[in-house]
Structure formats: structure tokens, C-alpha cells
Amino acid sequence: MPNTLSASPASRGTPSVTDRLLTWLPTPVFQVLHGTGSTLLLLGRTLRHVPSLPRQFGRFIEQCHLIGYTTMPIVGILSFFIGSVLALQSGHAGENVGYKQFIGALVGLTMARELGPVMAAVLLAGRVGSAIAAELASMKVYQEVDALETMNIPPERMLVLPRLAAVLTMMPVLTIMADLVGWFGGAIVSKYTHFISIEPASYFANLRQYMDFSDVLNGLIKAEVFGVTVVLVCCNIGLNTRGGPREIGASVTRAVVTSLILILVLDFFVTKALM
Amino acid sequence: MTNNPQQTARVGLFFLLGMALIWVTFETLSGGKLWFKDKGYQLVAGFDSLKELKAGDDVRMAGVKIGDVALTRLAGRRAEAVLRIDSDKRIKADATATIVTQGLIGTGYVSIDLGTDAAPFLPAGGEIRTAATADLNSVMAQLGDLGRKLEGALGGLGTSLNGDSRQPGLLQKVDTILTENRENLSRTTANLQQITDKVNRGEGTLGRLLNDSRLHDELLAGVTELKQGATQARSFLANAEELVAEVKRGRGTLGALVYDQKAADDLKASLASLREVSEQLAQGRGTLGQLLKDDSLVRETRALLKKADRAIDNLDDTGPITAVGVVANGLF
Amino acid sequence: MPAANSTSPLPGAAPAVGVTVESLSKRFGTFEVLRGVSFAVQPGEIFVLMGPSGSGKSVLLKHLVGLESPSAGQTTVAGLDASDPTTRERVRMALVFQAGALFNSLSVYDNLALYPREHRLGDEAAIRDRVMRALQILSLENAAHKFPAELSGGMKKRVAIARALVMEPQLLLYDEPTSELDPVMSATITEIIATLRQRYQVTSIVVSHDRDLALAIADRIGILMGGELIFLGPSADLRNPTDPRVADFLNPRIDLEHPRFKHLET
Ligand SMILES: Nc1ncnc2c1ncn2[C@@H]1O[C@H](COP(=O)(O)OP(=O)(O)OP(=O)(O)O)[C@@H](O)[C@H]1O
Ligand SMILES: [Mg+2]
């Protein structure tokens, strides 16, 4: 697609100074700006429909089921192994340095502040984000979105709002599960690995000594930011799909890749902001 | 579009479970307090050495966490720890802060005792009284040292007093010396008596240490040494008293004794050091004194043993039940 | 047409609306689909739009419901700018998409019930009544709980029409409603369009290649070719067209000697 604003109605008439400036930008930069802007506008349009959320309760539950309940097993499995590997690696590295007593705190803090929310968000992007992008892209390509619009049913209200509300509700749940499962993974590995051999009791005592609920909360806030971002980005990319069935696949890829990049980029800034 | 009721129920269950877990984590990690760190107020505690203490370590009063170490710094010839105390926890001006080393790996905390009721509260930014505490290693070293010293002193005394064929004039000046030191001697005797009584009754650290069969061998050995010393001291003092009484009654062979300056000096020095030791013990100064006065060493040692015990217990039950049990008992 | 008699889904309370198209032009990139198309449809009129494939009929319909915005010119519905999204909130418009555009994740019943539910037009019982009547009209009662993927092409088209009827629109746009239907069902659709106008003054714009339908019910007919309206007038005028392009379009001669068939020969 050429670097023009032909897609938007704003390009009608004489282009403004800003629009002409934007045309001169390198295409990737333009696309980043375009993506950011359209995602934020989608958020704005969606938030206008918040009062109608009670009427979307059925869809909200359906999305909660998809985002939360059906995503839980994979989050559990993944974070169990993440916690285990964390314990294993730090136990291995710490053997000679003498900090293996701190494995509890290390795994606890890392899971709660970083890997719990990030892994939950990554899985959300891979599992739910792709599904959202695919569903909305196909609805767009097969004119279902157009049909909604002619029926005066805003797609934001029916398609985006329930997902956004569901992700806000379910992300803390997924994240706390990722945290706890990861902690237990670390505890089990710490006990049964011969060069670590730390009792779960002292593992958790150490974890408790160095952790505060604020660490967990910090992670939960991060997870919410990631979750909202993933859902918005995937909805936006799905709803902006143009063309035929082939573009559905392209949209899904783009949605997932964009989500993953954004998770890690936002991770840095949110972490810094919460410090 | 209607939802399958099972789906709704699952979502509800899942959500409630998640919230419950968050709540439990909150209770476990923060004890139900708000997550925002209480700014609290600060106190300064000066020590000769902060040992393993570092910023972030707990400050506890009677074992309850009331704050943490905000920072550690060097101030002139001493080390200072700035303590952040929760704003709802007030500390009496006569409370004493000590550094407690917890476990062998050296995680420490600052322990503050309750102080007395009468004392005023410390103001924010004030300086808290501190006391140095012994850690286990230096106690061991000093205990052995002390035992040897005591033995040496008593041995020397015995030789001086009993004399041998080459030094027949030893007791010529005993009368004078004993008269000069009479007061000291009786104080020493009283102190030692008190100490040994306490030890026998199982009071104080030393007593408890003796009564605790599971204690570290080294510690036990040290204490045994000490006890021997004390017994020797008692018998020596009994002898000395008898002697004094005999001299008083005008009996014995004092006149025949040859004056021996060296032996007299030895005796004097021995008595002086014995007095010093007993006084220090009584006042609770020095390592041994602290041992007698202060329970913290015993508590520390006990805690170590308990931890080891628990570890051994945990080794016994294995399997998936353990994980749950550990959560129930250990974490939550 | 018994079903549409007493129990029509359309109470017809809302007034009929007119449509205007003024020098409408639409470009996709450099490709100009519509070039200055102008016409007006009176309230309650049945307007049939014909034209060869790819001439821009569907694009024109999308302009009327605001799914496309003009490159130049203007379209209005009931005097309101059709490209303004708020127009949909004031005028009930329904578009029967050429491809149906059914909601694939919803059953036929839910496809039809979506509009009344989202706009809270009565309780579930009332909605059920309304949906079942629309399904009856199009002989779809037995398909109510099927999903779009389980339907034939003609059934999808009928569901799309039924979904439009449930909306009780003031302006109904059909994009080739009969193209996939058998002659009996085509006749039924033709009757529906006529009945709706007759009873409820519903304005209809029908894009169709079906000459019989056009001649039977159209008040006026427009023929779109090459992005321009080459014919606009009452259906009677079509019987003896003056424009050779119109004549060729309506009565194509099958000329197997035409040069474009050359490459079929081996
Ligand atoms: N979104 C779009 N982007 C680019 N070109 C388009 C778009 N939509 C339609 N066109 C082009 O506009 C032209 C008219 O398309 P339209 O769908 O209106 O044809 P039609 O008259 O409905 O044909 P048919 O009778 O086959 O349905 C076609 O050449 C098509 O390629
Ligand atoms: Mg078409």
C-alpha cells in the first residue's frame, strides 16, 4: 500500500499541512503512526459504549470463557515450566556464588513482576489475539461488519466492548494463576534438584521475606495493560482488514506480531512507570 | 444469543477462584496492609559494626516487624543504620536496638526491645540506644579463652598459696593482702555464688544451655570448661576463707613464713583479675556476662535447630500431598 | 402471497423516505467506478437498477447506506447525508447484501433476532414472533436453528432478505435478491417487494439482472454502464429502447463468431 491517506475519508479535498507531511514519512513510520492512531480511536469509540455493557453480558461471559477459562490450562503449563526453569537456572548459577538460598525470592519476584504477566499476555496474544483478529477479519471480509453497520449496531459495541471488558476481568485471574503455578514449579524443582535441595518451606519463607503484595499488584497492573493492548490491537487489525480470505491470514499474523512487540515494548515502560 | 449456563458457571467459578487467590496472596505477602509502603518515621541507630545488616532488612520489636532498614552508612568512627519505623509503632526512649543475625547465611534484622513504660517515646529522627551483640562464633572463641584464663589464674593462685619447698615465705604477707582485699574477696565470692546458683537452677543462658541436650557440642564443651572453672574457684575460695579465719585466730605458722615479693605480686594480680572477671560477669558485660544475662543467643541457637528439625521432618513425607501441605503450613 | 397479509412483520409506522444521488463519483485508487451518477427515488417508489457486471451497482448501494463515501458528489436519504454515520440512527435502512453477509457465528434465528435484540424492540417473546413471521414469509421455518455454513446459496439469500424484513425498514435496498433463486422463490420475492410498497410505502431500490422482475414491479428503471447512468425512466420506456447500448444489454445476441471467442478454439 502506498504511503497515502487514501484509505481514510480525511484525504478528501485539499490535504492539510500535517497530511502532506505525513505523506513524506517513510512507510514503516507512517504505518506505526496509523496503527497507533486507529487503535486509540477504536478505544475511544469503544469506551463511548461502556454504558451499554450490561446488555452485552452474554457476549461478555462468552469472551470471558474464551479469554479466561479456556486459556488457563496453557497458562498453567507454561508458567509451571517457566518457574521451574527459573529455579533451575538460578540454582545452577548460584551454586558457586552462594545465593541459592534466595531462589524463593528470585523466582517469586521474577514471576510476579515480570514473567507471570508477560507470559500470560504472550499466550493471550497467541491464543486469543489470533482468534480475535481472525474472527473480526473474516467478519470484515465477508461483509458481516458492513451488515452490522447498516443495522445501526456499532461493531465496537458488539465486537470490541465485550472482549475488552472480558480481558480486563480475566487478565488478573490468569496472571495470579501464572504467578502461583510458577512459584510452585520453582518450589518443586528446588526441592528435587540435587544441587539445589531447598525445602519448599524455606523456599516460600524466603519468597515471603522478600516479597510484598505490591510486587504482585505491580504484575497485575502490567497484565491489564498488556491485555487491553492485545485485545485492542487485534480488534483493530481485524476490523481494518481489506480484501479477501488471504488477507485474513495476513491480518492474524500482523495482529500477533504487533501484539508481541507491543507487550515487550510496553513492558519496559510500564515497569519503569511503576517503579 | 443465550449463554449456556454451564459456561456462565465456569466463568463465574474461574473468576471467583482468581479473586480468592489474589486475596490470599495479598494476605500472605502483606498481612492485609495496603500495598503502599508506609512512609513511617526514621530513627538512627549507631553501631560499631553493622555486620551483615543491609538496607531492606526488617526492624522487629519483640519479634514483630515494625519497619525496615532504610539505609546504612558510615558516620565518622561508627556505622549507622537509618531505620524506617511504621508510623503507628512508637518506641520508648530507653529501648535498645541490637543487630540479630538470623541463620548461618547471614540475613539479619534489627531487634528493638520494648523499653520501659515510664520512658517517653522517641521522636522521629531521634537516635535509639544500641548494644553490641555477640554472634555465635565470637562467643565460642571468647568462651574457650575465658575458661583458659580462669584456669590459669586459679592454677597460679594455688601454687602461690600452697607454696613449695623453694618458696617457704609466701604467706608472710598473706595477712596484709587478705586484709587489704577482704572486701573484694567477699564480693567476688558472693558474685560467684550467685552465678553458680543460677547455673545450677538452670536460669539464664548458661543454665539453659546446660539443660538443652541438643545443643552444639562446642558450646557445651565451653560451658563445661566454665563450670569446672567455677567449681575450682569455689573450692579455692573456701580454702582462702579458712586460711583467713586461721590467721585471725592467730594460729598457724605465719611468723615462720619467708617474705617473697614475687609470689605476693602474683597473688595480687590473680586476685585482681578474678575480681574483674566476676564483676564483669555480674554486670552482664563481656561475652560471658551477656550469656548469663541475655537469652538471645539461646533463642538463636534454638531457632537454628528448629529449622534443621523442620527440614528433616519435611524429608520424611514426600509425594504430591507435600506440596499442598507445604502451602497450607508454610506459605499460607 | 398469504403470509404477508395480516401478519406482516412491518407495522409501517414510519414515513417513507426519498433518496437522491447527485453527481456521485467514486474512485478506487485510479480506477473510477462511478462517474457523476445522478438520480432521485421518490418515497414509496420501487426503483430497479440494472447494468452489466462490474458496472458499480453494488458500490452505489453501499453509498446509500454509508458504507462507502463519495469521491465527489453527494447522496442523501430522507434529506440527510448518507455518508454521515448518524443518518443510520434516524432512518431505518436495510441492505440485502449480494453475498448475504450473514453472521456466520450465529444461527439463522439469531441472525434475524440480532437487530430487534440490539435495539431492544420488545421482549424475547415479541422478538420470537417477529422473527418467526419473517422466516415463514421466506419458507425458512425449518432452517431456524441451522448455521449459515449449513445453508444452500439460495437459502442464504432468503435469510438475508428475511433479516432485512425483520428490521421493518423505511428504505430497503436489495442487491440481486433473486439471482440464486428458483423461479417460484423469485416470484415470491417480487411479490414481497410489491406488497411492502403497497401496504407500507417502503421505498425499494432493487439491483437486479432479472428483466421480468424489473418489468413487473419497477416504477422506474436505471441502467448503469461504464460508471454512468445510460438509461433512466419508467419501465414502459424500456420496451422500445432508443439507445443501442441499452438494446444490446437487454437483448444480447449470442454471436459465436465474435472475435473474443477465438481463444476458445484449439
Ligand atoms: N473496495 C473496492 N476496492 C477496489 N475496487 C472495487 C471495490 N469495490 C468494487 N470495486 C470495483 O468496482 C467495480 C464495480 O463493482 P461492483 O461490485 O459495484 O459491481 P456490480 O455492478 O455490483 O457487479 P455485479 O453485477 O457483478 O455484482 C468493479 O470493477 C470492482 O472491481
Ligand atoms: Mg454487485
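The following legends describe close-up views of the magnesium ion and ligand 1 in a predicted model. Residues are numbered from 1 along each chain as its sequence is written, with chains lettered from A and ligands numbered from 1 in the order in which they are written. Local features need pLDDT of at least 70 and side-chain atom pairs pLDDT 80 or more, totals for chains, interfaces and linings use all residues, and side-chain values use heavy atoms, without hydrogens and water.

**View 1. Protein donors of the magnesium ion (ligand 2).** Ser58(C), through OG, and Gln98(C), through OE1, lie 1.9 to 2.2 Å from the ion (donors are N, O and S atoms within 2.8 Å of the metal, or 3.2 Å for Na, K and Ca; water is not among the atoms, so sites may look incomplete). Ser58(C) belongs to helix α1 (residues 57-64) of chain C and Gln98(C) to the loop between β6 (93-96) and α3 (108-118), so the pair ties together parts 40 residues apart in sequence (helices are DSSP runs of H or I, at least four residues, and strands of E, at least two, numbered from the N terminus).

**View 2. Polar contacts of ligand 1.** Oxygen atoms of ligand 1 lie 2.6 Å from a side-chain N or O atom of Ser53(C), 3.0 Å from a polar backbone atom of Val59(C) and 3.0 Å from a side-chain N or O atom of Glu176(C) (a polar contact is a pair of N or O atoms within 3.5 Å; within protein, one must be able to donate a hydrogen and the other to accept it, and residues adjacent in sequence count only if both atoms are side-chain atoms).
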